[in-house]
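Here is a quick tour of a protein model, written for someone just starting out. Keep the structure open while you read and look up each residue as it comes along.

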Amino acid sequence: MGYYIKVDEHVKLYVEDVNPAGCETIVFLHGWPADYTMFEYQFAYLIQKGFRCIGIDQRGFGRSDKPADGYDYNRLADDVYGVISQLGLQGVTLAAHSTGGAIAVRYMARHRGYGVAKLALCAAAAPSLIQRPYFPYGLPREAVEKIIRDTYTDRPAMLRDFGDMFFFQYVTQPFADWFFQLGLKAALWSTAAVATTWLGEEKLFSDLESIEVPTLILHGIHDRVCHFSLGEAQEQGIRHSRLIPFCYSGHALFRDERDKFNKELADFAAKYR
C-alpha cells in the first residue's frame, strides 16, 4: 500500500507500507541516489517472515516531492520524524543504507530515537564519508567534488560510474540497468545537494555517542564508497553496537550477500519478540 505523507508545508514523501498487520515493523531509509525499491528483495523476504516493511522515498528521490532545498541531514531527519510520528509507529527497527544511515544517525540524536527500538546501519555514511584531518578513513574530498561536478554536467554518466563501484559481486546487465534507473528518478538538484551535504557535515561523530538502542552494523569489507573503517568507527562510537563484516560484499551488501543480509536483519529485528 503506497501513500503520501506531508512533512512540511510544501513537501510530501512517498511511503510504501507492505503487510501493515505484521507483528514487527522495519522502516527502511535508502541510500543515495536510489529510492526505497532498492530494498525490494528484502521486502519480499521479510514479509514472508511476518514483518511489516515501510519504505520511505526521501525528498528529492523516487516518487517523493523534489523541492529546491531541504537536503541537509537535519531536515532529512525531520522528514523521517514526520513519517514515524504521523503513522504512530513505536518500537520499530530503523534500517538504513549509506546516506540513509547518516540520516538515521542524525535522527537518533536529533529526535532522541523517537519510535525506534533498534537500529540497523548498513554500509552507513557515518561518521564521515570524506577524509578529514582527524578522520583519514573516508573518500578523498576531491572524489566527492568530482561526483558533484559530474552530476551537473552529465548525470547519467556519473550514475553509471557510481554503479560500477557499487557492487562487488557480479550483477547482470538488466540488473545494472534497473539500478541506474533508480538514480535517474531523482532530481538533478537533489542528487547534487545531498552529495554536497557530505562535504560539510561533521556532527555525526557526536551523534553516534547519543545512540542508546541496540545497534547492528552491517558492512562490506570491499566497500569502495563507505570504506569498512567507517563501520569500525561506528562500532567504537555507539554503545550496545555489534559489527558484522560481509567478506564478499562491497557497498551493495544487501545485494552482494543478499541471503546473509536478509537473515541478519530479520534475526536482529525479531530478537526481542
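What follows is a short overview, then bullet points by topic.

This is a predicted model, where local features need pLDDT of at least 70, side-chain atom pairs count only at pLDDT 80 or more, and totals for chains, interfaces and linings use all residues. Residues are numbered from 1 along each chain as its sequence is written, and side-chain values use heavy atoms, with hydrogens and water left out. The protein has ten helices and eight strands; these are DSSP runs numbered from the N terminus, with helices being H or I of at least four residues and strands being E of at least two.

**Overall build**

- The radius of gyration is 17 Å, which agrees with the value near 19 Å that a compact globule of 273 residues would have. That radius is taken over C-alpha atoms, and the globule rule is 2.2 Å times the number of residues to the power 0.38.
- If you lay the C-alpha trace along its principal axes, it spans about 45 × 40 × 40 Å.
- Of the 273 residues, 59% count as buried. Here buried means under 20% relative accessible area, exposed means over 50%, and partly exposed is in between (1.4 Å probe, protein chains only).
- Take the contacts with a separation of 6 or more: 76% of them are between residues 24 or more positions apart. A contact means heavy atoms within 4.5 Å.

**Surface and charge**

- The accessible surface comes to about 11,100 Å², and 52% of that belongs to carbon and sulfur atoms. The areas come from the Shrake-Rupley method with a 1.4 Å probe, and for residues only the protein chains shown count as cover.
- There are 29 positive and 33 negative side chains, and the centres of the two sets lie 3 Å apart. Lys and Arg count as positive, Asp and Glu as negative, while His and the chain ends are not counted. Each charge is placed at NZ of Lys, CZ of Arg, CG of Asp or CD of Glu.

**Cysteines without a bond**

- A disulfide is a covalent bond between the sulfur atoms of two cysteines. The search looks for a pair of cysteine sulfur atoms within 2.5 Å, and it finds zero disulfides in the whole structure.
- Cys23 is in no disulfide, and its nearest cysteine sulfur, that of Cys53, is 11 Å away.
- Why is there no bond for Cys53? Its sulfur is 11 Å from the closest cysteine sulfur, in Cys23, and that is too far for a bond.
- The two residues also sit in contrasting surroundings: Cys23 is exposed at 54% relative accessibility, whereas Cys53 is buried at 0%.

**Backbone oddities**

- Most residues other than glycine have a negative phi, and most peptide bonds are trans. The next few bullets show some exceptions.
- The peptide bond from Trp32 to Pro33 is cis, with omega near 0°. You'll find Pro33 in the loop between β3 (24-29) and α1 (40-48).
- Ala126 and Pro127 are also joined by a cis peptide bond, with omega about 5°. Look for Pro127 in the loop between β6 (116-122) and α4 (141-166).
- Ser98 is not a glycine, yet its phi is positive, near 60°. Ser98 sits in the loop between β5 (92-97) and α3 (99-110), and it is buried at 3% relative accessibility.
- His240 has a positive phi of about 60° too, although it is not a glycine. This residue lies in the loop between α8 (228-237) and β8 and is exposed, at 55% relative accessibility.

**Three residues to click on**

For the contact lists below, neighbours within four places in sequence are left aside.

- Ser190 belongs to helix α6 (residues 188-200). Is Ser190 buried or exposed? It is buried, with a relative accessible area of 0%, and it contacts Gly60, Phe61 and Tyr71.
- Arg242 is part of strand β8 (residues 241-246) and is partly exposed at 42%. Its contacts are Thr215, Leu216, Ile217 and Glu235.
- His222 is in the loop between β7 (215-220) and α8, and it is partly exposed at 33% relative accessibility. Which residues does His222 touch? They are Phe168, Cys247, Tyr248, Ser249 and Gly250.
- His222 and Ala34 are 188 residues apart in sequence and 20 Å apart in space, C-alpha to C-alpha.
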